[in-house]
Every structure is written in C-alpha cells, then in structure tokens.
Amino acid sequence: MISSSADVAFFWVAFWLYFVSFLCFSLYLAFENRLVITIGTAAMLIGFVPQTVAILLRWQLSGHPPFTNMFEYMTVMSWMAVACFIFVLVRFKKPIVGSFIAPVTFILIVCASLLPKDINQQLVPALQNYWLYIHVSLAAIGEGAFAVAFGVSIMYLIRKNIRIVAEGPIAKRFPSEQLLDEINYKAISIGFPLFTVGALFAGAIWANRAWGTFWGWDPKEVGSLIIWIFYVVYLHARYQRGWKGNKAAIMSIIGFIMVLLSFFGNLFLGGEHAYS
Amino acid sequence: MSEIAGVQNARTGLSPASAEQTLRTVRELLARKFYAVHVKREDDGYVLFAARWGISRLGSFLTHSGLVIAVSGGLIASLLGYSVFRWGGSGDRIEAPDGGFHVRVEKFEIESNEAGQVKDYLSTLTVLEDGDSLFTKVIEVNHPLRYRGFSFYQSSYRPDDRDFEEAVIGVRDTSGNMITMVQARMGEMSAIPETPYTFEPVDFAGNFVMRGTEVFSDQRFNEFRNPAVKVSLFENDSLLRDGWIFKPQLAGFHPLLDDYGLELVDVAPTHETGLRITWNPGAPLIWVGLIVMTIGVCITFFLSHRRIWVVVQRRSDQESHVAMCGATNRDREMFEKQLGQIMEKIEKGGTS
C-alpha cells in the first residue's frame with residue numbers, strides 16, 4: 001500500500017540530488033576537477049529517476065495526470081529541464097552545460113518545494129477531460145525547453161562578454177560560443193512548437209469545448225500570447241535578420257523571465273487558470 | 001566532379017567496388033533514410049540526386065496561412081457571432097436568440113463525491129421547435145448540446161430562489177418553546193401533529209424583499225440571505241390565511257396562528273442551471289486555421305529539407321571514385337554527420 005506522501009518523499013530525494021548537482025557544477029566552474037563534474041552529472045542523472053517515480057506515483061495516487069496545481073506543473077517543468085540536459089549530454093557530450101541547467105533546475109524545484117503539495121483528488125468538472133493531458137503536458141514540456149535555453153543563454157553571455165572567462169583558463173571548460181548559441185536555438189525550436197500547439201492551440205480548443213469560446217482574454221491566455229509573440233519575434237529575427245549570439249541570448253533570457261512571470265501571475269491575477 | 005569538390009561540405013572517397021555496385025550501395029543507403037533518389041547515367045559513371053522532406057519548405061507558408069485563417073475566423077466570430085448567458089430552473093424554456101427554437105430545462109443535478117466535493121453537474125435539456133420536442137440531451141462541462149449551429153454549454157449553477165427541495169418548518173407554542181418540526185415540500189400539504197392545522201407551501205423567495213405591497217426575491221445574490229416560504233394555513237381543511245414564514249434570527253417571531261408560531265428552520269435548495277448559449281459562424285475557419293498552423297509549425301520545426309548530390313566515377317571493375325555534397329534548410333550538424341556516415345559506408349563497400 002502506498003502512502004499519500006510517498007511521491008513527496010521521492011520528490012525530496014530528487015530535490016537533494018539536484019542540490020548536490022548544482023553545488024558540484026558551481027564548484028567545477030571555479031576549480032576544474034573531473035571528479036566534481038562527474039559527481040554533478042551523476043547526481044543530476046540519478047535525481048531524474050526519483051523525480052520520474054514521484055511524478056508517476058502522484059499520477060497513480062491522484063488518478064489523473066499530475067498537472068493540476070502549481071506544484072505539479074513546476075515539478076514537470078524542472079523534470080523537462082533535466083530531460084533536456086540528458087538530451088544535450090547524449091547529443092553533444094558536453095556535461096559542462098549542466099553548470100547552467102543545474103541552477104535553473106534547482107531554482108525550479110526550490111520554487112516547487114515551497115508550493116502546497118496536497119493531492120487534488122477531486123478535479124473541478126472543467127478539468128475532467130483528456131485535453132488536460134494534451135494542453136498542460138505540452139505547455140510544461142515546452143516551457144522546460146525554454147528553461148534550458150535560458151540557462152544556456154546565461155552561459156553564452158558569460159562566455160562571450162566577461163573577459164576573465166573569455167580569456168582565462170575557465171574558457172577551456174566552457175563549450176564554444178557557437179555550440180552554446182546552437183543549443184539555445186535548438187531548445188527554443190523544440191520548445192516553441194510544443195508551446196504553440198499545447199499551450200495555445202490545445203488550450204483554445206479546450207476552452208471552446210468547456211466554455212464556448214476559443215479565446216476569453218483570461219490573464220493566463222494573454223500572458224501566453226505575449227510569450228508566444230516574443231518567441232515568434234526571436235525566431236523571425238534569427239531567420240530573417242540573422243540575430244545570433246548576444247542578441248539571441250538576451251531574447252532567450254527575457255523570454256523565460258516572461259514565462260516565470262506568467263506562471264506566478266496566477267497567484268495575483270486569478271482568472272480561469274486560478275485553480276492551477 | 002570538380003563542381004562538387006568545391007562545395008563547402010563536399011566529401012570525396014574511393015569505393016572498393018564497380019560503379020554499378022557503388023551506385024546500388026548509395027541508393028540503398030539513401031532509401032533507408034527516406035530519400036527519394038534519381039539517377040542519371042553519364043559516360044564515365046553516374047550522377048545521383050536524392051531529396052527528402054521537400055514538403056518542409058511549405059511549413060512557413062502553412063503556418064502563416066493558418067494564422068491568417070484562424071484570425072479571420074476569430075474576427076467573423078466577434079463581428080457576427082454572439083455569446084449570451086441564461087439561468088434556468090426545471091421546466092423553464094430558454095430561447096436560442098434568433099434561432100427559432102427553445103430548449104426546456106428538464107432537470108439539473110449536482111453529483112458529489114464521498115467527501116461532499118462537487119464531482120460534476122449536469123443539465124437535461126430538450127430541444128423544442130414549432131411546439132415539438134425534437135430530442136433530449138444531458139449536458140455537462142466539456143460536453144455541450146449543439147443544434148443548428150448553436151451550442152448550449154453547461155456553465156454554472158446557483159440555488160433557485162423561487163423553489164426549494166425541502167423546507168423544515170418549526171412550530172412554537174405561545175411561550176416560545178419549539179414543540180415540533182415539520183418537513184414540507186412546495187405544493188404539498190403537511191400536517192402539524194396533534195393540532196387541527198395543516199399548511200401548504202405556495203411560494204418561496206431566496207432573498208425576500210418587500211417594497212410597498214410587492215414581494216420579490218433579490219436577484220443579486222447567489223446564496224440565500226433572507227429565505228422565506230409563503231404558506232397557506234388550514235384548520236380542519238378550511239383556509240385560514242396565507243402568510244410568509246422566515247428564519248427567526250433574520251425576521252423575528254411570526255405568530256401566524258393564534259396559539260402557535262411558525263418559523264423557517266432550514267431550507268434545502270433546488271438549483272437552477274447556468275447555460276452559455278453561443279453561435280459562432282467563425283468556428284469552422286478557426287478550426288481549419290489551427291489545424292493548418294499545427295501542420296505548418298510541426299513540419300517547419302521537426303522536418304528538414306535535405307538534398308544530396310553524388311557523383312560515382314568508374315575507375316576499374318574493382319574501384320570507383322565518389323564525390324558527395326548536400327544541402328539542408330535546418331539541423332546542419334546532424335546532416336553533416338549523416339553525410340559522413342554515408343561516405344564511411346561507401347568506402348567500406350557495404351550498406352550495413
């Protein structure tokens with residue numbers, strides 16, 4: 001028999017492993033040490049397992065996908081950020097990228113840890129629909145990819161613009177500027193279509209089904225539209241005007257700050273998304 | 001050959017097989033990776049062109065076209081469509097504005113879980129047109145009723161301030177002692193035990209207001225702030241009088257009878273349903289726009305138009321020279337890797 005706090009126990013295991021990972025990656029930036037970065041990478045990879053278990057357990061305990069309150073949503077976002085890190089690790093073989101994804105993941109999971117963790121067993125009628133799976137999961141995964149782009153963009157700006165890093169021995173530990181810029185673009189080009197289809201389109205279709213209108217100028221809808229337009233501008237600036245490097249990194253950072261503002265806006269603005 | 005050798009990502013190599021065998025190898029390798037391959041025979045060998053996902057070039061066009069279509073649908077919806085909200089209790093008829101038909105609310109139910117939390121709420125609606133009942137449907141949130149372009153959404157509910165499920169009427173003697181409590185329903189006669197009196201609730205106001213002689217229920221509130229039941233009192237089946245009964249803490253003691261006072265102890269409400277009625281002539285366009293945009297966005301970001309040119313030159317029956325180059329509209333790094341792998345396999349003389 002699984003107790004109702006089992007998922008939270010796994011969550012805390014992942015929390016502390018991500019904390020260790022965050023510490024190790026931070027230390028690695030200061031002191032080049034292979035053991036430190038190996039422990040940091042391992043802690044993040046191992047932490048991914050209990051976090052996945054926590055999400056699945058919560059799904060089983062609540063009887064619905066765990067995307068129905070802010071704690072659950074933020075947990076899925078941090079899970080996605082780690083999944084992206086694993087993808088980057090496998091694809092580019094650059095664990096140093098973890099130095100900037102680990103803090104983002106840790107910040108996300110710290111925010112999640114501060115939110116109420118009660119399992120919402122009775123969903124309001126509007127949420128009792130398969131669109132919940134599509135709309136919220138795709139939006140959270142898309143925003144997780146934006147979180148990775150955010151971390152990599154900070155890394156890029158430091159690598160490119162801070163002389164002590166660009167010209168010092170630390171530069172050797174950083175991936176090349178070109179690779180960081182490429183990962184930033186790739187993360188956004190994965191996150192953007194998922195966010196577009198999940199947050200906006202699936203949300204509009206579900207809103208039409210539940211409330212009779214595709215668009216209701218709900219605060220969260222407006223926030224998502226602004227974020228979407230911002231990333232559209234990013235992509236067009238990159239395609240049409242060749243914006244790369246600093247400009248692209250700064251836009252990516254602003255974009256993710258907007259994502260966080262929209263997310264925490266729930267606490268102050270209410271609206272149709274107030275239950276999340 | 002020289003043209004290809006000068007291209008930025010060109011690769012050249014030697015295949016340990018005849019030109020024909022090398023051509024077969026290249027074809028097979030590319031076909032496995034979903035390339036459509038075209039071959040042209042030359043005097044000294046073959047020129048091969050392969051391409052895949054050319055459709056991704058349409059991604060940008062589809063995305064932008066879908067956006068224009070969806071926004072057009074939204075404009076049509078906001079200019080020509082409408083959305084109204086209506087409350088309705090059991091038996092009420094609600095008109096579809098300019099639709100030429102009504103729906104009748106047959107029933108409204110709230111389902112709760114064991115903890116008393118609302119699990120679902122459902123309205124049973126019958127569509128009426130020209131006096132005929134066409135069909136009945138139970139609607140709930142996410143499952144609207146649709147008829148002739150109109151949609152009726154289960155949107156909300158509130159206590160019905162004109163009716164109640166059951167009321168508990170307290171009876172006090174002249175000393176103010178509660179001697180009994182009687183359960184009563186609208187329109188049904190109830191007896192006060194051990195007395196010659198009976199009563200029948202005939203009216204109800206969830207928020208009783210009296211202005212002059214006019215009595216009505218204040219519609220501003222969604223809960224009962226001053227509930228009152230109007231009863232007809234009978235003594236041995238003959239009507240004595242009509243009067244309103246209130247909750248005593250709100251309206252004081254009302255001795256409707258000479259020797260007994262009646263008060264409203266509790267009232268279990270019935271609910272009326274809140275329906276949103278919409279007519280959205282732009283909906284089909286919005287749907288088409290969203291579908292086209294989804295296809296456009298997916299093929300823009302998840303497919304890349306890749307083209308590969310290969311020249312196979314005959315050296316001998318056991319050896320051929322291969323030159324290869326390619327172009328892609330995205331994901332250049334993976335493409336370069338793919339070109340490298342293909343050339344590696346050609347140089348090994350096999351497809352595995």
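At what angle do helix α4 (residues 98–114) of chain A and helix α5 (residues 131–161) of chain A pack? The views below are of a predicted model, in which local features need pLDDT of at least 70, side-chain atom pairs count only at pLDDT 80 or more, and totals for chains, interfaces and linings use all residues. Residues are numbered from 1 along each chain as its sequence is written, and chains are lettered from A and ligands numbered from 1 in the order in which they are written.

**View 1. Packing of α4(A) and α5(A).** The two helices pack at about 130°, and their axes are 8 Å apart (axes are lines fitted to C-alpha atoms, for helices over the stretch in contact; angles run from 0 to 180 degrees between N-to-C directions). That makes α4(A) oblique to α5(A) (under 35 degrees counts as roughly parallel, over 145 as roughly antiparallel, 65 to 115 as roughly perpendicular, the rest as oblique). The crossing is right-handed (the near helix is turned clockwise from the far one by less than a right angle). Ser99(A), Phe100(A), Ile101(A), Pro103(A), Val104(A) and Leu108(A) of α4(A) meet residues of α5(A) that include Ala147(A), Phe150(A), Gly151(A) and Met155(A) (contact: C-beta atoms, placed from the backbone, within 7 Å). The residues of this contact divide into 11 nonpolar, 2 polar and no charged (nonpolar: Ala, Val, Leu, Ile, Met, Phe, Trp, Tyr, Cys and Pro; charged: Asp, Glu, Lys and Arg; polar: the others, Gly among them). Helices (H or I, at least four residues) and strands (E, at least two) are DSSP runs, numbered from the N terminus.

**View 2. The contact of chain A with chain B.** On chain A, 19 residues are in contact with 23 residues of chain B. The chain A side divides into 12 nonpolar, 6 polar and 1 charged.

**View 3. The five-stranded open sheet of chain B.** The strand order is β1-β20-β19-β3-β2, with antiparallel pairing (two strands pair if DSSP finds at least two bridges between them). At the edges are β1 (11–15) and β2 (36–42), each paired on one side only. Neighbouring strands are turned by 20° against each other on average, direction ignored. Strands β19 (residues 306–316) and β20 (residues 319–328) of chain B are joined by 10 bridges, and Gln313(B) stands opposite His321(B) in β20(B). Helix α2 (residues 19–32) of chain B packs on the sheet, touching β1, β2, β3 (45–52), β19 and β20, and its direction makes about 160° with that of β19(B).

**View 4. Domains 2 and 3 of chain B.** Domain 2 covers 58–78 + 284–303, and domain 3 covers 79–160 + 273–283 (bounds come from an automatic or database domain assignment). Their centres, taken over C-alpha atoms, are separated by 31 Å. In domain 2, 10 residues are in contact with 7 residues of domain 3. The elements giving two or more residues to the domain 2 side are α3 (59–80) and α5 (283–302) of chain B, and the largest share, 6 residues, comes from α3(B). By class, this side has 7 nonpolar, 3 polar and no charged residues.

**View 5. The four-stranded open sheet and a hairpin of chain B.** The sheet has the order β12-β13-β16-β17 with antiparallel pairing. Strands β12 (190–191) and β17 (238–246) stand at the edges with a single partner strand each, so one side of each lacks a neighbour in the sheet. Between β13 (residues 197–205) and β16 (residues 228–235) there are 8 bridges, and Ala205(B) stands opposite Ala228(B). In the hairpin, 4 bridges join β14 (residues 208–211) to β15 (residues 214–217), and Val209(B) has Phe216(B) as its bridge partner. The hairpin has 2 residues between the strands, and Gly212(B) takes a positive phi near 65°.

Notes
Two residues are in contact if their C-beta atoms, placed from the backbone, lie within 7 Å.
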